[in-house]
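Subject: Structure handover and notes

Dear colleague,

I am passing on the structure below for your own work. After it come my notes on strand pairing, helix packing and burial, with the cut-offs given where each term comes up.

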Amino acid sequence: MSAPLLEVSSLLMRFQGLTALDQVSFSIERGSVTSLIGPNGAGKTTLFNCVTGMYTPSGGAVHFEGEDITGMPAHRVSRHGIARTFQNLALFGGLSVLDNLLVGAYMQGRSGLLQGVFRTAQVRREQAAAERAALEVLAFLGMEDAAQLMPAELPYGRQKQVEFARALMQKARLIMLDEPMAGMSSAEKAAMTALIQRVRAQYGITFLIVEHDIPVIMDISDKIVVLDFGRKIAEGPPLAVQNNPEVIAAYLGTGH
């Protein structure tokens, strides 16, 4: 059996005496969809921030493809092959849809500041390749006609897909989605679910998802990790988690 793509080991995060994550451990297999659920304040976004370099954990370790990335700056984590979206839209409102995607590509570019200023041949080659890749991603999403639109001109669900597309442009092997279904209609949720499944099938990308829509999570996940007050209280396939008494008491409730 191959080594996990991502391994979180005894992760601890404290904020001025408050323990947001308390010795959380789990692993993610390549090509899988793992979901992270739990009540508000359980530590889900904090864990995302620790993995992606936005926070330096107080203890424990994060390994990606066998390499220790604990406390690594966010831009270096991105270059290693981890991309994320945010709970609230983080698109650049003053840039077109195409240019928003190009931001993701530039995070992987090699050209330096002086090369960019003087428009060297390498810069021009990288820009042309990035634009081709961005148009291919938009075609994959069925959004070719939106390339020159501003994000605000699109419905909310399509804006979420633009943010997802920007993560794809980073050539990530792990994409972390923070509440990708939040604020969406049923039709938009179905479209986003189908998109995740298509990307996984076609590109073999691994996903870690934080989401409150339990039916969506039960449908899309290979494994679910449940947090409560910063502790992991369950981990396993959807059906086992759904029937776990501690999870029912802490989060799902008897209605589920």
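Strand 1 (residues 6-15) and strand 2 (residues 18-28) form an antiparallel pair joined over seven bridges, where two strands are said to pair if DSSP finds at least two bridges between them, and where helices (H or I, at least four residues) and strands (E, at least two) are DSSP runs numbered from the N terminus. Within this pair, F15 has L18 of strand 2 as its bridge partner, and in the hairpin, which has two residues between the strands, Q16 adopts a positive phi near 50°. Strand 1 also pairs with strand 4 (residues 59-64), again in the antiparallel sense and over five bridges, with V8 standing opposite V62 in strand 4.

Before going further, please note that this is a predicted model, in which local features need pLDDT of at least 70 and side-chain atom pairs count only at pLDDT 80 or more, while totals for chains, interfaces and linings use all residues. Residues are numbered from 1 along each chain as its sequence is written, and side-chain values use heavy atoms, with hydrogens and water left out.

A second set of strands involves strand 7 (residues 174-178), which is mostly covered, since five of its five residues are buried (under 20% relative accessible area, with exposed being over 50% and partly exposed in between, for a 1.4 Å probe and protein chains only). In a regular strand the side chains alternate between the two faces of the sheet. In strand 7 both faces are covered, with L174, M176 and D178 buried on one side and I175 and L177 buried on the other. Strand 6 (residues 82-84) runs parallel to strand 7 and is joined to it by three bridges, I82 standing opposite L174; strand 8 (residues 206-210) is likewise parallel to strand 7, through five bridges, and there I209 is the bridge partner of L177.

As for the helices, helix 3 (residues 97-106) and helix 5 (residues 121-141) pack at an angle of about 120° with their axes 9 Å apart, the axes being lines fitted to C-alpha atoms over the stretch in contact and the angles running from 0 to 180 degrees between N-to-C directions. That makes helix 3 oblique to helix 5, given that angles under 35 degrees count as roughly parallel, over 145 as roughly antiparallel, 65 to 115 as roughly perpendicular and the rest as oblique.

Best regards
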